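Reader: I would like a close look at one part of this model, set against the chain as a whole. Please keep it brisk.

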Amino acid sequence: MDTLYVSPHPDDFRSLQALIAAEYSPSRPHIVHGDHPETKSRPALVVGSSGSVLTEVSAVSWYLSHRGKDSDAKADSQVWQWLSFAENELTPVACGIVFPLLGVQQNLWMQLKRVLGALDQTLKPRTYLVGEKISLADIAVAMAVLLPFKYALEQSDRKSFVNVTRWFLTCINQPQFAKVLGKVTLCEKMVPISTIANSTSSPTVNGTAINDTAMNGKAVDDVLSPLPDSYSPQYVEAAWYSWWEKQGFFKPEYGHHSVSEPNPRGIFMMCIPPPNVTGSLHLGHALTNAIQDCLTRWHRMRGETTLWNPGCDHAGIATQVVVEKKLMRERGLSRHDLGRANFIQEVWKWKNEKGDRIYHQLKKLGSSLDWDRACFTMDPKLSYAVQEAFIRLHEEGVIYRSKRLVNWSCTLNSAISDIEVDKKELIGRTLMPVPGYKEKVEFGVLVSFAYKIEGTDEEVIVATTRIETMLGDTAVAVHPLDPRYQHLKEKKVVHPFCDRTMPIVFDEFVDMNFGTGAVKITPAHDHNDYEVGVRHNLAFINILDENGYLINVPPPFLGTKRFEARNAVLQALKDKGLFKEVKDNPMVVPVCSRSKDIVEPLLKPQWYVDCTDMARQAADAVREGRLKIIPDHHLKTWFNWMDNIRDWCISRQLWWGHRIPAYFITVNDPSVKPGEDTDDKYWVSGRTEEEARDKAAKRFGVSAEKISLRQDEDVLDTWFSSGIFPFSIFGWPNESEDLRVFYPGTLLETGYDILFFWVARMVMMGIKLTGQLPFKEVYLHAVVRDAHGRKMSKSLGNVIDPLDVITGISLEGLHAQLKDSNLDPVETERAEQGQKSDYPNGIPECGTDALRFALCAYTSQGRDINLDVNRILGYRHFCNKLWNAVKFAMKALGDKFVPLSGEESVADRWILSRLCAAVSSCGTGFEAYDFPSITTAIYNFWLYELCDVYLVTISCHPFHFASICRQTLYTCLEVGLRLLSPIMPFVTEELFQRLPRRQPYNSPPSISVTPYPETSEFCWHSVEVDRQMEFVMTVVRTIRSLRADYNLTKTRADCYLQCIDSDTAALVEKYSLQLQTLSYSKSIHAVTGEGGEKGAIPEGCAVAIASDRCTVHLLLKGLIDTEKEVAKLTSKQAELEKQMERLTEKMQKTDYKEKVPAKVQEQDADKLRQSQIELHKVKEAIDNFKKMM
């Protein structure tokens, strides 16, 4: 391992440069704070075992940041130029200004401003210095200006270098920079170094006090400075969240005396699907929170009393596994070595240190949750609610004790829920790793063997995928109508290894067309066989203990591990001549998602919830319309589950979780016989042991002194506490203001994959325990898959961390994440290939706003979302367009612009009409949970209507910036930002804060609490104006198409529009300015009739039909060299004809359809079709040119 020697001083920028470069290295060096023992220099790098020493900061940084990466000669050369610039131009003047304690020399200030001015110009069109991502150039130059930004450049100075400031803040907010630098506070007032202190002033923005002066380097009061020239997500997203939170905007009390205060706008309450305390953000969380936050922000902006309640799940199995692994890794201890109480303390310690990581990630996504109401499912308030729920349901008989088959993980020694079982599909023989086994275990095969009929030589052949379970067989089953086995009624077969005979039972469960039509029955180890065993009163023989060792079987199988017994049983069958064959068999193997162990069905006494009556009420609530499930195609699944529900196993054999408040009773009285574990009479529940003892004494009619109690060791299924989450968070069963105001809630939003595991259980528990539905509507979103439609999987390398999309990550960084995972080498290699294929250049920085917008736009794809990172990048470009539009508009409005009400002119009716249409679409979309219609309406308004049409029109005619026009422009900006705010909260806040206010002294301080535009206010939509402008844009597109066909890139041409009637001509005259500007024409002439007056349309025009009302004539004569263009087009014609000939010849070959893949055939057909269209256009152009010659 390399060793890096650095200075411990926090302002040693050269050491900081080396440390940040190390963060970008594929393998980080060992860090030593101090001088290298021989060279006495810092930074210094000792390279591996060779002992070579690098001492110059540029060499050290280069080695660390470029090791193992592909070289690009051009980019490398540019990086070295910037390293020289940092060392020779910036560093001397930066040190010269910052280090003297007795003032600053004027000439150094001038020199610094000159250097920063040059850097500012370079960064004007760029995000980074070299390429599209952070490089060593950015690291070196950022560290060279670090001290001036911390100690010398005051806010007034930074205004002069907006691009450098934007770039610097983007750099220091990169995770790699932040890890080394921590929080960087920008200079407020230059003072001698010995007295430097952080400023605590509270500036104002548009008359509103800003309490948070700085966060992660970006000051909220930076909105007082001009907009940087280019959009940087990290610059924009650095500080706003902290300010929103401190201002209390996310609290339902905001703007009200209390939550109980009547609000005519209504109440909106939604609780978060509590993420696991062990969890880290994945795209499923990102989608859930993007949708939920959009809805929350929309309701808040509508003026409703709004609460989005956060919380975190204790995640029983996942958390226990994490802490157990940590204990073993760090201290070599198991939980049994510590004991239950001490182990629980270790879990709480881990939770308090690491458990809020997911909250910080949610804040990064902009989630506007009321963090003061955050709940943890193991908090005392929620734990009390869980205990109360269990006791009430147990006393009522809804919770009962029973011995049944459960999903058992031998590694965890616990039952697990269905959602924790991954179903791994196999197409045939497959070797799979199993915890506790050195060699991989064979699955995906079907073993056939014979049972002898008792007293005869006849045999019945059966088959199984789990041959070891035949030791627990207690019957052979055939179909009642199978003619092959009618003679075997009341017969028995002999078990070859166990001293027992087994009946042949006739059951319709058997498929007589599968295999031999006879199946082995193992009631204690198979769910279907269990039902057969119950129907025919068969013996239930459990052959596995909790650790997966064989019990209740004869030697030599007794005490062997289950999958070692598999081979032993197979060999024993062969020795007895009963083995028949082994063949490949497609199958599904149940795998524990937490331990990766093979799940075993195992008979265990457990606690169950009788769901029959609760499920009926939950189904009726939907049928009667009291509970609405959206989209309605999930109703079939809902009713299927509710109408065919099974009782719910709620026991888990863990230590971390809510210990079941049930006690087994032993009565110390000879008149009372001892009880069985599965006998409900001998179990009692209580809030305390004393209460439970009193209940038990009363039940058996004895004194309390004769009662001994043993509390159940098990804990409750995590889904039990999640099922009461909507009301336990408000203090149920105790009365509280929050419970009275916010329960029942308004909406439950989550992924459709947990419709049963969580949503159904919340509905059932809510109805049962509170008598009310927990919410009125359920909106279910899709599941996120990769761009190819594949499920996200670490082994495929397609799992994407949303934070990597937000901040960007290199391909090497993605590979490094795989190395930190638990994949085996083969899976790692395959995953790396997947990453290299999908992200050859890594993932570019997209920002939170773009990610949120993309996820909302994607919800139109139905059940699954195939997420393409390139599309997210497209929305990042949309943010840039938004940024530039507002920047241009602010310049157009001018410094002295004052927005007024009701001054809009009819001359701008079209853009106002389109704005109103967007307002209407957004409102309708939010009400219907139709997020794609919202994103489409906003995107189209900003990009295609405001930017591409309106701004272009007014930007080409400065004199048209009359007072009325500026009012219209302001309205479009202000309302357009409010429409977008719920989806893109950061960039809209940044831009909104820079707009003047119509009422500066009583305007809301943030866009997040500004009223959302509603159709009742924006009622200027005009179908007639829209129809007229659609005609205008059709003509514009036709002219643009002609210009492109004739390669008129810069030359303006006269345009004659032949109109079918005078009304159309009048329309052309009315919009002639827009037509001329948008089509880049020299002039626009309206001509009526077939040709108008003689000579109205000159010769030498290219012609195209715009619509049935208008034909475009574009005058080309005199603008182009016709002979040269004809020669060029003739050459193009020959090239196209040759290309088409080759393609036709290929497609006409006799074996083309058989040998060429269908996708390639489709591509060839498309190429031929495109070439034919292009050839037609070329011939048409040649004819037109020849007419002009």
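What percentage of the residues in the protein chain is buried? After that, take me through the open sheet that holds β36 and β39, strand by strand, with whatever packs on it.

Author: Bear in mind that this is a predicted model. Buried residues make up 54% of the chain's 1189 residues. The chain exposes about 52700 Å². Carbon and sulfur atoms supply 50% of that area. Along the principal axes, the C-alpha atoms fill a box of roughly 115 × 85 × 75 Å. The chain has 41 helices and 39 strands. Take contacts between residues at least 6 apart in sequence: 75% of them join residues at least 24 apart.

Now the sheet. It is open and has 4 strands. Their order is β37-β36-β39-β38, and the pairing is mixed. The edges are β37 (1083-1088) and β38 (1101-1107). Each of these two strands pairs on one side only. On average, neighbouring strands of the sheet are turned by 25 degrees against each other, direction ignored.

Look next at the pair β36 and β39. Strand β36 covers residues 1054-1059, and strand β39 covers residues 1110-1115. The two run antiparallel, joined by 5 bridges. To find the pair on screen, start from L1057: its bridge partner in β39 is V1112.

A helix packs on this sheet: α38, residues 1072-1079. Helix α38 touches β36 and β37. Its direction makes about 125 degrees with that of β37.

For a helix-to-helix packing, turn to α30 (residues 848-858) and α33 (residues 931-955). Their axes lie 7 Å apart, at an angle of about 125 degrees. That angle is over 115 but not over 145, so α30 and α33 count as oblique to each other. From α30, the contact uses F853, C856 and A857. From α33, F931, P932, T935 and Y939 meet them. By type, the residues of this contact divide into 6 nonpolar and 1 polar, with no charged residue.

One single residue rounds off the tour. D76 sits in helix α3, which spans residues 73-98. Its relative accessibility is 15%; the cut-off for buried is under 20%, so D76 counts as buried. Setting aside neighbours within four places in sequence, D76 is in contact with W62, H66 and S71.

Definitions and conventions:
Residues are numbered from 1 along each chain as its sequence is written. This is a predicted model: local features need pLDDT of at least 70, side-chain atom pairs count only at pLDDT 80 or more; totals for chains, interfaces and linings use all residues. Side-chain values use heavy atoms; hydrogens and water are left out. Axes are lines fitted to C-alpha atoms, for helices over the stretch in contact, and angles run from 0 to 180 degrees between N-to-C directions. Angles under 35 degrees count as roughly parallel, over 145 as roughly antiparallel, 65 to 115 as roughly perpendicular and the rest as oblique. Contact means heavy atoms within 4.5 Å. Ala, Val, Leu, Ile, Met, Phe, Trp, Tyr, Cys and Pro count as nonpolar, Asp, Glu, Lys and Arg as charged, and the others, Gly among them, as polar. Buried means under 20% relative accessible area, exposed over 50%, partly exposed in between (1.4 Å probe, protein chains only). Accessible areas come from the Shrake-Rupley method with a 1.4 Å probe; for residues, only the protein chains shown count as cover. Two strands pair if DSSP finds at least two bridges between them.
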